[in-house]
Each structure stands twice: as structure tokens, then as C-alpha cells.
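Q: I have a protein model to look at and would like to go through it step by step. Could we begin with a short stretch and then move outwards?

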Amino acid sequence: MRFNAGIADTGLLFAATALLPIYAFGSGGVQPAHALFAIFALTVSAKYGIANKPWIFLVLCLFTYAFFREGAYILGGGNPKYLINVAYLGFNFLLVSSVYQYVLRNGLATISSGLILSVLIVVATILTQGINLTAGGEGAVRSVGTFNNPNQLGYFSVCLLSLTYLCYLTSSINYRTALIGFCISIALSIISLSKAAIIANFLLLIVVLIPRNVSFSHIVLWGGVVISCGYILLQAFLSGAMDDLIVLDRLMNMGGESDSSLKSRGYFAVLGESEAEVIFGLGSEKIIGIVGHEVHSTFGSIFNVYGIIGILLSLAVFTLWSFSIWRAFGLTALVCLIGPAMLYGITHNGIRFSIFWILLASSAAMAARKGPQRKHEISQN
């Protein structure tokens, strides 16, 4: 059955993507984008079913396992409010399936247009709030834009970098538009003062900036500009002209901060617990009791909450995703599309944010569009 995008589906996906940065309610609750994504996902799923891909099935398995694991804790007297984490996994399962099906058949135009509007919203808000990059000291105020906290703004910048690269890689946008997107991603990470976002973005900056399908003279010109900019920044740093920048202060003193260690982020919560809990996980409520907050790590959170079973399922999802990107686009694309979110996920739990699942689903769909099985997949879904 061939999928033809209706006006309603396109409008919902565009509006939801544009509203990704709008946090009208408290963190952990349903935001405007979530509501629109839910309607979009339910509509597409009701019309065309669940996408027939192994990695999507594994996301379903992770959701199902999480439901039964948290359910077991609740039956044992646990607090039912922690089922919200399971509900979010279920929501993301429907989201990746529906976005995958839409992008597979219609490309990235709707998502790229929505992203452009979302960026305009964030940038306009930050400019209205004002930016201060040199107010040093412990009392320095970190920008949040339209989000609830600066780390959410930082993660948005990380996923924006990869999504911009995906749009450029698949010729959905030209290099000039992509260059603007890359610069905004870097700027947002700096403004957020999120160490994880800054490091993830800057480590991939040179790679994503490399222009594709251009002449040797253009590559030489590009290399000269990059070297010149790097030299200017190095001289500014050595001369002390950048000493007052908050971002440098945070990065230089990162090793001495108490909240930067793996232990403080909850990596080792499961150590010392029973073998059964290592295998099946501690559950969300017990993690909060031990650490005092959620585990600030993508894979660390899954392992501690859902144990060996949960981490194996999630690793299988990410492995299949990675392989599809590598096979379709090569190693450079694999690093640029997956690297930033994975680097950020070392010190933050990135799977709670819808923009990550949009990145996963849309990149996997565009990889499938390149493959020889595209016509077969379209006829089967």
C-alpha cells in the first residue's frame, strides 16, 4: 500500500516539529509538541500500521519490558507515578514508527521546514531575553530560551546539528542554509553553557562543515578559512582576550566540579544490589531513592533502571540504526548523525527528548530511501 501524505498529516508534523522548543509546562509533562506528535503518530499508525523494521520492533520490546518491570514494582507497593517513564517510551515507539513511514515516502521537507521555524522561535526568544557571555562567577545566569532549563536548550542544539547535517547530506537544504544551521547550533550550545552540548558540537564541527560534491579549489578555500579562523581564536585565547567568557571558565574547571563525575550522575547505582536487580534493573523509583535524581546518562540510565535486559535491547536498537546509516551514507555521516547525541548521552539522559527520536527515525528513513529495498518497503507498509 502506497503512502500519500495528506494535508492533515503534513500539517501536524510541521507544527509539532516547529513547537519542539516550546516548553509551556513543567519538565516531565506533556508539552504542545508532544500533543501534536501524538495525534500525528496515532493518525499515521491507524492508517498504515506499524513500520516493519527490526529496530522499531526492538523499541517496542524495550517499551513492553519497561512496562512489565515498572508494573512489578507498583504491584509490590511502588508509586504509580513512575509509569510516566514507560508511557513516554510507548509514545516514542509510536513516534519513530510514524515519522519513519512519513519520511520514507515523503522526504525531509516537512521536518526541515518545521526545524527552521523552531530555530527562529528559539533565536528570537533568546535575543529578546538578552545574552551575557562574560558575567563570570557562580551567579552566572544560563540562557534557557523557550525551554525549562539550559540543558534542554543544549540538547536541542546537539540534535539540531545532526538534523541539519542530515538535511544537507540528503540535499534537502543547500550548503549555505546548512552552514547557518551549524553556526546556530554551536551558538545555542555556547549560550546554554551546557558542557556536554559544547563538547559534542565542537568535536564534530570540522567534520560537518566539510562541503560535499565541490571542486578541489573550493575545498582548498574552505580549508584556508578554517585554518585562519582557528588561528585567530587560538591567538585570542593565548592573549587572554577570552578570559572573561563564562563558557571557557566552565570548560576549564570541569574536572573540579562535583557534579561532573560518573558517580554523581548515578552510573554506579546498581552496584551492590542483587544479581536479579542487575539483570532486570532497579526501576525508576529505587533509582531516585539511591541517587536522589534520575541517572544522567542515556545508556547508564537504561542499564540501572532496566538492567542487562534493557541495555541489550537498547544497544541492539542503536546498533541497527548505526549500521543502516553507515551502509547508506558511510562512516563520516555515521559520526555526524549519531556522534553528537551519543557524546551528549554520556552525561545526560537523551532518550527522553522527542527531537532525538525524530533524528533517529528520519535518518533511518532517509537511509532506507537510498537502499535498493525502498520500493519493496513501501509496498509492504
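A: Certainly. This is a predicted model. A starting point is G77, which lies just after helix α3 and takes a positive phi of about 110 degrees.

Q: How far apart are the end C-alpha atoms of α3, and what should its 22 residues span?
A: The end C-alpha atoms of α3 are 31 Å apart. At 1.5 Å a residue, the helix should span 32 Å, so the two values agree.

Q: Which residues of α3 are buried?
A: The buried residues are W55, I56, L58, V59, L62, Y65, A66, R69 and E70.

Q: And what do those buried residues pack against?
A: They pack against five helices: α4 (83–106), α11 (275–280), α12 (284–291), α13 (298–329) and α15 (354–370).

Q: Back to R69. Which side chain of opposite charge is nearest to it?
A: That is E277, at 5.6 Å. A salt bridge requires a distance within 4 Å, and R69, although buried, has none.

Q: What does R69 touch, then, leaving aside its neighbours within four places in sequence?
A: R69 is in contact with F280, G281 and Y306.

Q: New topic: how many helices and strands does the whole chain have?
A: The protein chain has 16 helices and zero strands.

Q: How much of the chain is buried, and what does it expose?
A: Of its 381 residues, 48% count as buried. The chain exposes about 17,400 Å², of which carbon and sulfur atoms supply 68%.

Q: What share of the contacts with a separation of 6 or more joins residues 24 or more positions apart?
A: Such residues account for 76% of those contacts in the protein chain.

Note on methods: Residues numbered from 1 in each chain as written. Predicted model: local features only at pLDDT ≥ 70, side-chain atom pairs only at ≥ 80, totals over all residues. Heavy atoms only, no water. Buried < 20%, exposed > 50% of the residue type's maximum accessible area, 1.4 Å probe, protein only. Lys, Arg positive; Asp, Glu negative; His and termini not counted. Contact = heavy atoms within 4.5 Å. Helix = DSSP H or I, 4+ residues; strand = E, 2+ residues; numbered from the N terminus. Expected span 1.5 Å × (residues − 1). Areas by Shrake-Rupley, 256 points an atom, 1.4 Å probe, with all protein chains shown as cover.
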